[in-house]
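Reader: I'd like to go through this one the sceptical way, with every label set against its rule. Could you show me the fold first?

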Amino acid sequence: MEIAIIGSGYVGLTTGACFAEVGHSVTCVDNNAVKIETLLAGEIPIYEPGLEDLVKKNVAAGRLRFTTSTEEGVAAGKIVFIAVPTPPQPDGSVDLSFIEKVAREVAAVIKDYRVIVDKSTVPVKTGEKVAETIKRYAPEGVEFDVVSNPEFLREGCAVHDLMNPDRIVIGANSDRALALMQKLYEPFVAPVLVTDINSAELIKHAANSFLALKISYINAVSALCERCGADVEKVAEGIGRDSRIGDKFLNAGIGYGGSCFPKDLAAFIAISDQLGVPFNLLKEVQNINAGQLDRFVDVIREALWVFREKRIAVLGLTFKPQTDDVRCSVAIDLIEKLVAEGAEIRAYDPKGMEKAKELSVTSKITLAPSALEAIDGAEALVIATDWPEFAALDFNEVKRRMVAPLIFDGRNLLDPGTMAQLGFTYRGVGRGRCVAGS
Ligand code: UGA
């Protein structure tokens, strides 16, 4: 099938490459000419495992094209996806101006029947507005349908998630559009859930908020564990083995970040307020998340007493492993807090260094070329992102390079017993205290 994707960011580009991989003919559109030139030159502007190969393969096969022209995209694609950013506004609600602009642009060039699919994460009732906008600006008599088809991919494993979805949600109010969407997804082996547009939009916000709630739940339990000497990892395992609860997203740590959870929670709270049904439970999820980082900083402060002039190694800058994305990263928030109190930070990340350089806080810290060089002369080592390579470090060498063998593991990446045996004083999240040699 011929499809167009307007917006070639994380979601648009990966979605386009995966549709091409299953045999569809895809035109990716973006108004950022530099991005399109980069893609036409065979380079990928983001780091996402597996994406580069997929893009190259499908461009070579003639199934994937890039253009800055919406007109070209809409002419080529019977189904037109909107995958543009929906950034947060200061009050938590979503800035829908990019979506509205694309709706107008599509309306200006639409000539015959098209299915316009909202892929971006949007508040409930956005589909109705998109339909109204296209109707207002499109030539009279041109037929179209609007569909909501939320995405559930995670950064870092986006290609895997798209090729092997848990479910496909299609929110459609017309049989004609639904038939085309079902045909589009035929090559994917996954249950298809058909709903109305509003329900599909709600599913996306409700799913992300529920996952964030699960993380905050286990983080609240981790605070209890620290008070009473229990181990949150064991508690998570014990509750996660109940199939009604499930063991995923129960990893305690310094909190969730990234470009989705914080923004989507705020947006869900905002739209709930607007609809007159305040979602106070989610406000508490946000509070717990913020408090978790503060508690972790308190733990480090308790050990180091004052931060001023203390050299601290921070491993991890990205909001999670397997990505170069540092947007809303808790690792960056943590560094900002430590820097504000005068700590000297030497940080390292396997993939996030380039993007981190664009952030103002990195001008106040040293970015080291390797984990061990970040650790050189440090009085404490903080793990802020759970990159597997940090667990694989030679910890005897780590200890030799440190002024004092102190580890603060914000992601419970390391084994406390092993670290204590190696002579470290180790503090994780919700795991009590492990003292060297014990
Ligand atoms: C999230 C959702 O998981 C996807 O399903 C959704 O499609 C995506 O948002 C989106 O809306 O676009 P993503 O933001 O890529 O995906 O990352 P996650 O893997 O969900 O992690 C989010 C944050 O939660 C990270 O900071 C991670 O470190 C943290 N986290 C995750 C925990 O602290 N504990 C956990 O157990 C799991």
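**Labels put to the test**

Author: Let's start with a helix pair: Leu 265, Ala 266, Phe 268, Ile 269 and Asp 273 of α11 touch Leu 282, Lys 283, Val 285 and Gln 286 of α12. Keep in mind that this is a predicted model.

Reader: What makes the residues in the contact of α11 with α12 fall into their classes?

Author: The contact has six nonpolar, one polar and two charged residues. Asp and Lys count as charged, so Asp 273 and Lys 283 are the charged ones. Gln isn't on either named list, so Gln 286 goes down as polar.

Reader: And how do you know which way α11 runs relative to α12?

Author: From the angle: α11 and α12 pack at about 155°, and their axes are 9 Å apart. Anything over 145 counts as roughly antiparallel, so α11 gets that label relative to α12. The crossing of α11 past α12 is left-handed.

Reader: Then why are α9 and α10 called oblique?

Author: The axes of α9 (197-228) and α10 (232-240) cross at roughly 135° and come within 9 Å. That angle isn't over 145, and it's outside the 65 to 115 range too, so the pair lands in the rest, which is oblique. The crossing of α9 and α10 is right-handed.

Reader: Which residues make that contact between α9 and α10?

Author: α9 brings Tyr 217, Ile 218, Val 221, Ser 222 and Cys 225, while α10 answers with Val 232, Val 235, Ala 236 and Ile 239. By class, that's eight nonpolar, one polar and no charged. Tyr and Cys both count as nonpolar here, so Ser 222 is left as the polar one.

Reader: What about α5 and α6: at what angle do they cross?

Author: Roughly 35°, with the axes of α5 (97-109) and α6 (126-137) coming within 8 Å. The crossing is right-handed. Ile 99, Glu 100, Ala 103, Arg 104 and Ala 107 of α5 make the contact with Thr 126, Val 130, Thr 133, Ile 134 and Tyr 137 of α6. Those split into six nonpolar, two polar and two charged, and Glu and Arg count as charged, so the charged ones are Glu 100 and Arg 104.

Reader: Switching to empty space, how many cavities of 30 Å³ or more are there?

Author: Two make the count. The largest cavity has a volume of about 50 Å³, and the second largest holds about 40 Å³.

Reader: What lines the largest cavity?

Author: Glu 226, Gly 253, Ile 254, Gln 292, Arg 295, Phe 296, Val 299, Gly 428 and Val 429 do. Helix α12 (280-304) gives the most to this lining, with four residues. The classes come to four nonpolar, three polar and two charged. Gly counts as polar by the rule, so Gly 253 and Gly 428 belong in that group.

Reader: What makes up the lining of the second largest cavity?

Author: Asp 118, Ser 120, Thr 121, Val 122, Ser 148, Pro 150, Glu 201 and Lys 204. That's two nonpolar, three polar and three charged.

Reader: And what about the second largest pocket: which residues lie nearest its centre?

Author: Gly 9, Val 84, Pro 85, Thr 86 and Arg 327, out of 44 lining residues. Its volume is about 1100 Å³. α1 (10-21), α5 and α11 (261-274) each supply at least two residues of the lining, which divides into 21 nonpolar, 10 polar and 13 charged.

Definitions and conventions. Residues are numbered from 1 along each chain as its sequence is written. This is a predicted model: local features need pLDDT of at least 70, side-chain atom pairs count only at pLDDT 80 or more; totals for chains, interfaces and linings use all residues. Side-chain values use heavy atoms; hydrogens and water are left out. Axes are lines fitted to C-alpha atoms, for helices over the stretch in contact, and angles run from 0 to 180 degrees between N-to-C directions. Angles under 35 degrees count as roughly parallel, over 145 as roughly antiparallel, 65 to 115 as roughly perpendicular and the rest as oblique. A crossing is left-handed if the near helix is turned anticlockwise from the far one by less than a right angle, and right-handed if clockwise. Contact means heavy atoms within 4.5 Å. On a 1 Å grid over the protein atoms alone, a cavity is a set of points where a 1.4 Å probe fits but cannot get out, and a pocket is an open set with protein on both sides within 12 Å along at least five of seven lines; lining residues have an atom within 4 Å of a point. Grid points are joined across faces, edges and corners, and a volume is the space filled by probe spheres set on the points.
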